[in-house]
Amino acid sequence: LKALVVTGLGDMLMLGGILLVYFYAGTLNFLELYATAPTWLAAMGASPGMVILVSLLLLAGPLGKSAQFPFHEWLPEAMAGPGPVSALIHAATMVKSGVYLVARLVPLFYYAYWVAGIDAAAWFFHVTAWVGAFTAFLAATQGLVALELKKVLAYSTVSQIGYMMLGLGVSGLAPGLLLDGYAAGIFHLVSHAFFKACLFLCAGTVIHAVHSFYMTDMGATRKYLPVTWGFTLIAALSLMGVPPFPGFWSKDAVLLVTIDASWPLFVVALVTA
């Protein structure tokens, strides 16, 4: 119910943004939007505040779907499902669709800001980057104090999606960062899908074996579940960003591009890591 209400709110706001884009562009086809961007973005930019409004409305959907602040509290509650469901839907695919949509919108707002000279388009990148960085930090602190095994992993997912949003957000903060930021955000999306799906499957195995969700009831499981222990260790090291695992390379890519874009954002991202 919480997921329905929270994501529904984001979806309704995004619908407003979609209708405004259609009003100005006359199409919702991404390829046509890219091709006709000079015309409809100029018309939208001529109305004071319209580009900012559309940016915020369009971002509401991805922030809700990908559980970013202030729409983030539904995801940890959705962990009541079975381990394989969490691994597929809440780690690898469904919650990433918001990140994917932001990635598809980045070229439009990058063009608007750096080519067409519409300064208001910078809001899209600043909001994406700062919401991502703040969510990454906030969810990491919540994960530190959670007692349920899958809830810890869920908060970690929210935090890592924040990193992806940060990478995509900083890609438009300087003219030379588009490719690096875009690649870093999508690279982290892919690498996170693998190690977090592995962690959720392992968590399901452990919960099934000890008959409890709470980490306070767990311990010495290495003796009884040696294979699960090994897989969990590898995936956890990747999540932490320990080289040479893939999580290190994708997190490092996000941090490197953030250094070039904004020192405050870099400090928040580094403290989170």
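This report walks through several local features of the structure, which is a predicted model.

**Helix 14 and its two sides**

Helix 14 spans residues 263-272, and within this stretch Leu265, Phe266, Ala269 and Thr272 are buried. When the helix is viewed down its axis, these buried residues fall within an arc of 125 degrees, so they line one face of helix 14. A general rule helps here: an α-helix has 3.6 residues a turn, so residues three or four places apart point the same way. The face of helix 14 that is turned away from the buried side carries the exposed residues Trp263 and Val271. On the buried side, the residues of helix 14 pack against helix 8 (122-145), helix 9 (149-170) and helix 13 (246-261). At the start of helix 14, a side-chain oxygen of serine 262 comes to within 3.4 Å of the backbone nitrogen of leucine 265.

**A pair of helices running in opposite senses**

Helix 7 (residues 97-115) packs with helix 10 (residues 178-210) at an angle of about 175 degrees, and their axes lie 11 Å apart. Because of this angle, helix 7 is roughly antiparallel to helix 10. From helix 7, the residues that make the contact are Val99, Ala103, Arg104, Val106, Pro107 and Tyr110, while helix 10 contributes Leu178, Tyr182, Ile186 and Leu189.

**Two cysteines without a disulfide**

Where do the cysteines stand with respect to disulfides, of which a search of the whole structure finds zero? Cysteine 198 is in no disulfide, and the nearest cysteine sulfur, that of cysteine 202, is 4.2 Å away. A disulfide would require the two sulfur atoms to be within 2.5 Å, so this pair does not count as one. As for their surroundings, cysteine 198 is partly exposed, with a relative accessible area of 22%, whereas cysteine 202 counts as buried at 7% relative accessibility.

**Serine 238 and what surrounds it**

Serine 238 has its place in helix 12 (residues 226-240), and this residue is buried, with a relative accessible area of 2%. A polar atom of the serine 238 side chain lies 3.0 Å from the backbone nitrogen of glycine 247. If neighbours within four places in sequence are left aside, serine 238 is in contact with Phe195, Phe245, Pro246, Gly247 and Phe248.

**Backbone features in the loops**

Two cis peptide bonds can be described, and each has a proline as its second residue. One joins phenylalanine 69 and proline 70, with omega at about 5 degrees, and proline 70 lies in the loop between helix 4 (50-65) and helix 5 (74-77). Another joins proline 243 and proline 244, with omega at about 10 degrees, and proline 244 belongs to the loop between helix 12 and helix 13.

Two alanines have a positive phi, and the table sets out their values and places.

| Residue | Phi | Loop | Relative accessible area |
|---|---|---|---|
| Alanine 67 | near 55 degrees | between helix 4 and helix 5 | 0% |
| Alanine 220 | near 60 degrees | between helix 10 and helix 11 (221-224) | 56% |

In both cases the positive phi occurs in a residue other than glycine. Alanine 67 is buried, whereas alanine 220 counts as exposed.

Technical notes: Residues numbered from 1 in each chain as written. Predicted model: local features only at pLDDT ≥ 70, side-chain atom pairs only at ≥ 80, totals over all residues. Heavy atoms only, no water. Buried < 20%, exposed > 50% of the residue type's maximum accessible area, 1.4 Å probe, protein only. Helix = DSSP H or I, 4+ residues; strand = E, 2+ residues; numbered from the N terminus. Arc of directions from axis to C-beta. Contact = heavy atoms within 4.5 Å. Polar contact = N/O pair within 3.5 Å; in protein donor to acceptor, adjacent residues only side chain to side chain. Axes fitted to C-alpha atoms, helices over the stretch in contact; angles between N-to-C directions. Parallel < 35°, antiparallel > 145°, perpendicular 65-115°, else oblique.
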